[in-house]
Amino acid sequence: MVLGELGTRISNALRKLQNATIIDEEVLKECLGEVTKALLQSDVNVNYVKRLRDQVLLQVNVESDAAGTNKRKLIQRAVVGELQSMLESEKKPYQMKKGKINVVMFVGLQGSGKTTTCAKYAYNYLRKGWRVGLVCADTFRAGAFDQLKQNATRIKVPFYGSYTETDPVKIAQEGVEYFRSQNYDLIIVDTSGRHRQEAALFEEMEQVEAAINPDEVIFVMDSSIGQSCYDQALAFKKSVKVGSVIVTKLDGHAKGGGALSAVAATESPIIFIGTGEQFDDFEQFEAKSFIRRLLG
Ligand code: GDP
């Protein structure tokens, strides 16, 4: 299944309620069957899906609700509400503290938009008056340092990296140390991403994490990657202490159904979304409008 379809399938299932002449137990169960199937086929964790189903059944009692109650609306509202709470991970994101040194490490596959997102994230705090430094610990991809450097220069943020050093752990450590010694508020470390989930990538990431002991690890996920997002997010979560998620490229065709899988896999909240290539194409995540878009 193409992931963009998740939202369409759920909204179709909800729309079908309009065509039913009476809303009874059977119609409700059929609707919920379609919603849960769509979620499961998008690799959303079975426990989350079961909870959605149980909660909706608890909230909507089609047989005993008074005649005249708009049961269609009740069902729709309950499903949307449960999808929303599915997206609002129980875990709260790391609270950035101004006046303290916050070290944040970015992880994700190559092409997910990680380096761009580091700059967007930096820019977001820069505009709030924070002192921000960027560290390029991607020694794998040729041009990675140049890209970070260009971004950093454009937003006028100091950066740390090397053209010659091949050990990402060393650069990460040195970069963080450098900005620490200058008492920066926020130190952002960009790590290397590969095309696939390679063992070497994870090993390297773990070493960087151990060396810099970040306050927060952010997993960056491309909203258009399709069905593999649950496994991908889980692999990252198993390797490093992912604490929050940023979903990118939501300006494209993808409706973002994969976000549900990413939250389920990492048990972490989404904090921002990327909506374009510019540094200010970056929005605070808001579950309600995200679900509206997903089902839109
Ligand atoms: P990395 O390999 O994960 O570091 O990915 P990059 O930051 O190099 O981004 C890969 C491509 O995606 C670049 O062309 C970015 O401009 C683009 N990109 C990143 N975020 C977004 C976004 O939110 N929307 C769009 N349309 N493009 C993005």
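**Close-up views of rings and charges**

Tyr 178 is partly exposed, with 38% relative accessible area. The views below come from a predicted model.

**View 1. Tyr 178 and Phe 179 pair through their rings.**
Phe 179 is buried, and its relative accessible area is 0%. Tyr 178, at 38%, is partly exposed. The model holds 13 aromatic pairs. In the pair of Tyr 178 and Phe 179, the ring centres are 5.1 Å apart. The planes meet at 70°. This pair counts as edge-to-face because its angle is 70° and the cut-off for that class is over 60 degrees.

**View 2. Six aromatic residues form one cluster.**
The members are Phe 106, Tyr 121, Tyr 125, Trp 130, Phe 272 and Phe 282.

**View 3. Arg 131 lies over the face of Tyr 184.**
The distance from Arg 131 to the ring centre is 4.3 Å. Tyr 184 belongs to the loop between α7 (168-181) and β4 (186-191). Is Tyr 184 buried or exposed? Tyr 184 is buried, with a relative accessible area of 11%. The cut-off for buried is under 20%, so a value of 11% qualifies.

**View 4. Tyr 184 touches residues from elsewhere in the chain.**
Leaving aside residues up to four places away in sequence, Tyr 184 touches Lys 100, Ile 101, Arg 131, Val 132, Gly 133, Pro 158 and Phe 179. Among them, Gly 133 is 51 residues from Tyr 184 along the chain. Their C-alpha atoms are separated by 6.9 Å. Phe 179, another residue that Tyr 184 touches, also pairs with Tyr 178 in an edge-to-face arrangement.

**View 5. Glu 34 and Lys 16 form a salt bridge.**
Side chains of opposite charge can pair when their charged atoms come close. Here the closest N and O atoms of Glu 34 and Lys 16 are 2.9 Å apart. Glu 34 lies in helix α2 (residues 25-41), and Lys 16 lies in helix α1 (residues 5-19). The pair therefore ties together parts that are 18 residues apart in sequence. Glu 34 is partly exposed, at 25% relative accessibility. Lys 16 is partly exposed too, with a relative accessible area of 43%. In total, the model has ten salt bridges.

**View 6. Arg 51 meets both an acid and a ring.**
The acid is Glu 90, which forms a salt bridge with Arg 51. Their closest N and O atoms are 3.4 Å apart. The two residues link distant parts of the chain, 39 residues apart. Glu 90 sits in the loop between α4 (71-87) and β1 (102-107). Arg 51 sits in helix α3 (residues 46-59). Glu 90 is exposed, at 68% relative accessibility. Arg 51 is partly exposed, with a relative accessible area of 35%. The ring belongs to Tyr 48. The charged end of Arg 51 sits over that ring, 5.4 Å from its centre.

**View 7. Glu 165, Lys 170 and Glu 174 share a network of salt bridges.**
How far apart are Glu 174 and Lys 170 in helix α7? They are four residues apart, so about one helical turn separates them. Their side chains meet in a salt bridge, at 3.5 Å from N to O. Glu 174 is partly exposed, with a relative accessible area of 34%. Lys 170 is partly exposed, at 38%. Glu 165 is linked with Lys 170 and Glu 174 in the network.

Definitions and conventions: Residues are numbered from 1 along each chain as its sequence is written. This is a predicted model: local features need pLDDT of at least 70, side-chain atom pairs count only at pLDDT 80 or more; totals for chains, interfaces and linings use all residues. Side-chain values use heavy atoms; hydrogens and water are left out. Rings of Phe, Tyr and Trp (its six-membered ring) pair if their centres lie within 6.5 Å; planes under 30 degrees apart count as stacked, over 60 as edge-to-face and the rest as tilted. Buried means under 20% relative accessible area, exposed over 50%, partly exposed in between (1.4 Å probe, protein chains only). A charge sits over a ring if NZ of Lys or CZ of Arg is within 6 Å of the ring centre and within 35 degrees of the ring normal. Contact means heavy atoms within 4.5 Å. A salt bridge is a side-chain nitrogen of Lys or Arg within 4 Å of a carboxyl oxygen of Asp or Glu.
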